[in-house]
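User: I'd like to learn how to read a structure feature by feature, starting with strand pairing. Could you walk me through it?

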Amino acid sequence: MKKIAILMTILSLAFWGQVLPQGIIFEDDFESYPAGTFPSEIWHLKYSGSGTGNQMIVDDQYVSANQSLQLECAPNWAGTADAQLPSTPSIVFCEGYLKGEHENGGPDFGFQNPDIGPWGTAYAVVGVCKSGNITCNDQVLQSCEANKWYHIKIKYNSVLDLCDVWVDGILKGEGIACSTNGEYTILRLSTYNSSNSTKGWYDDVKVYGCSGWSREGYDLGWSFYYPYHTDTQIQNNPFALGWSKNIQNPNPINGDYIDVLTGDVNGDGSLEIVYTENNIIHVLDGNGNELWSMSPGLVDECHHNALEDVTGDGIPEIIAGAKVNSILKLLFYDGYGNLIHEITETEQVGQYDYIKARAVSDIDDDGDLEVVFWRLWGFGPWSRGVGVFDYDSGTREWFYPIGPNIWTLCIADITGDSNKEILTGTIGPCNGHSANGFSDCSCYAICWDKDGNLKYG
């Protein structure tokens, strides 16, 4: 293998290249207002329905604590409450609890712009108790009952003008077309009936933005790729090069690739970019500015290869695989470069062996974290395979040797039995080794159970 230069590029849509405000954009549980009043400190009464005095906080209907918001319409005249949103990310979520007094005509919930059109423009809006159904943009999602609370969650993608809807935690509508007329600015709660006066109740509503960059699928843990399917059309938004950085990979043992991952490693609500170059771990912000870098001071090599939350605080730590004088190590750093934990492996370490960790999880449901790792590249058959360490003690719980090199590794319940499996794909260097029936002249998809027993391969 020769030393190579890898061009790391960040491709962004013309207006998607910035990091968005994170976390909760707006929320209200309706507990801070006196019963019998309208919550005018936060909400705007756009339409008064059956009368201003009937749009009020009530303490006889609620999901949590003791109060909810009641909106009562008049025939063909809605009662509405609007909350201005301080930010409007291109991928946005809202959720809350809704209940209708009658099965025909009731509460609406979702994103609107009150200034477009004579009555405003609705984008992703869900109606409860609409002719006996829960609907989104006139699409029926399921039947509904009067006087029953429903938890509604909406994800709206304003770039694609599509929304997804969950009812009581179950995805009921996906890729529902929304209005393309302008942009949303508010969250609106609205009770409407064309022929009768009726009430709707609302509780525990909130709006929050997409984590990290406003790209569907990215989270603040760790992400590899931009996951829109290749046939997804994004109209009039060509990709543009936001910035680029040359990364040198000086260590031939790593092969012709380098790990570059994204994750909110410092808990600031934005994604950072983490990679290793010349045995130095680098952390960049989303615009390519280096926040910090550090060297573990190793005599051999260090290659960063995972971001996982091992401390339980919701912030991923940086995991680096390392080799130091024939000792393999997994080094765990916090988001500021402080070493917080290490696991060592000494058995049969050859000249070209190295170790990687791709997953940290309680795979056997014993209440303790396990580290799923692989060893690869060495010219001895034992050095290639998948294993598990206990995170706290560093004890190797099991190791399964195979002939070929590991290429990917993940944890999932693929059998549907509520137990986690470990899956890997392999590559075949074909230098004449095999173990447990797996030859390094072939490629395999292999699955083990949590205890290292082969299930498929």
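Analyst: Sure, let's start with one bridge: T276 stands opposite I281 in strand 19. Strands here are DSSP runs of E, at least two residues long, numbered from the N terminus, while helices are runs of H or I of at least four. Two strands pair if DSSP finds at least two bridges between them. Strand 18 (residues 272-277) and strand 19 (residues 280-284) have five bridges and pair in the antiparallel sense. Before going on: this is a predicted model, where local features need pLDDT of at least 70 and side-chain atom pairs count only at pLDDT 80 or more, but totals for chains, interfaces and linings use all residues. Residues are numbered from 1 along each chain as its sequence is written, and side-chain values use heavy atoms, with hydrogens and water left out.

User: Which strands make up the open sheet, and in what order?

Analyst: The order is 17-18-19-20, four strands with antiparallel pairing. Strand 17 (260-263) and strand 20 (290-294) are the edges, each pairing on one side only. From one strand to the next the twist averages 20°, using axes that are lines fitted to C-alpha atoms (for helices, over the stretch in contact) and angles from 0 to 180 degrees between N-to-C directions.

User: What about N266: where is it found?

Analyst: Look in the loop between strand 17 and strand 18. N266 has a relative accessible area of 18%, so it counts as buried; the classes are buried under 20%, exposed over 50% and partly exposed in between, with a 1.4 Å probe and protein chains only. Setting aside neighbours within four places in sequence, N266 is in contact (heavy atoms within 4.5 Å) with E272, L291, I315, G335 and Y336.

User: Zooming out, how many helices and strands are there in the protein?

Analyst: Zero helices and 34 strands. Of the 457 residues, 52% are buried. Among contacts with a separation of 6 or more, 58% are between residues 24 or more positions apart. The accessible surface comes to about 19,500 Å², and carbon and sulfur atoms hold 47% of that; areas come from the Shrake-Rupley method with a 1.4 Å probe, and for residues only the protein chains shown count as cover.

User: Why is strand 27 largely enclosed by the rest of the structure?

Analyst: Check burial along strand 27 (residues 385-390): six of its six residues are buried, so the rest of the structure largely encloses it. G385, G387 and F389 point one way and V386, V388 and D390 the other, and all are buried. Now the pairing: strand 26 (residues 370-376) runs antiparallel to strand 27, with six bridges, and strand 28 (residues 396-401) is also antiparallel to strand 27, with five. Take G387 as your marker: F373 stands opposite it, and its bridge partner in strand 28 is F399. The hairpin of strand 27 and strand 28 has five residues between the strands, and there G394 takes a positive phi near 75°.

User: Next, cores. Which residues have the most contacts inside the largest nonpolar core?

Analyst: W43 and I152, in a core of 42 residues. A nonpolar core is a set of buried Ala, Val, Leu, Ile, Met, Phe, Trp, Tyr and Cys residues joined through side-chain atoms within 4.5 Å. Strand 8 (residues 121-130) gives the most to this core, five residues. Apart from that core lies another of 17 residues, among them A359, W398, I422 and W448. Beyond four places in sequence, the residues in contact with W43 include F26, F30, A81, D82, L187 and V205.

User: Last one: how many aromatic pairs are there in the whole structure?

Analyst: The search finds 15. A pair of aromatic rings is described by the distance of the centres and the angle of the planes. The cut-offs: rings of Phe, Tyr and Trp (its six-membered ring) pair if their centres lie within 6.5 Å, and planes under 30 degrees apart are stacked, over 60 edge-to-face, the rest tilted. Y47 and W119 are tilted, at 5.8 Å centre to centre with 50° between the planes. They sit 72 residues apart, Y47 in the loop between strand 2 (24-28) and strand 3 (56-58), W119 in the loop between strand 7 (106-113) and strand 8. Y47 is buried at 13% relative accessible area, whereas W119 is exposed at 53%. Y156 and Y184 are edge-to-face, 5.8 Å centre to centre and 75° between the planes. Both Y156 and Y184 are buried, and they form one aromatic cluster with F111 and Y123.
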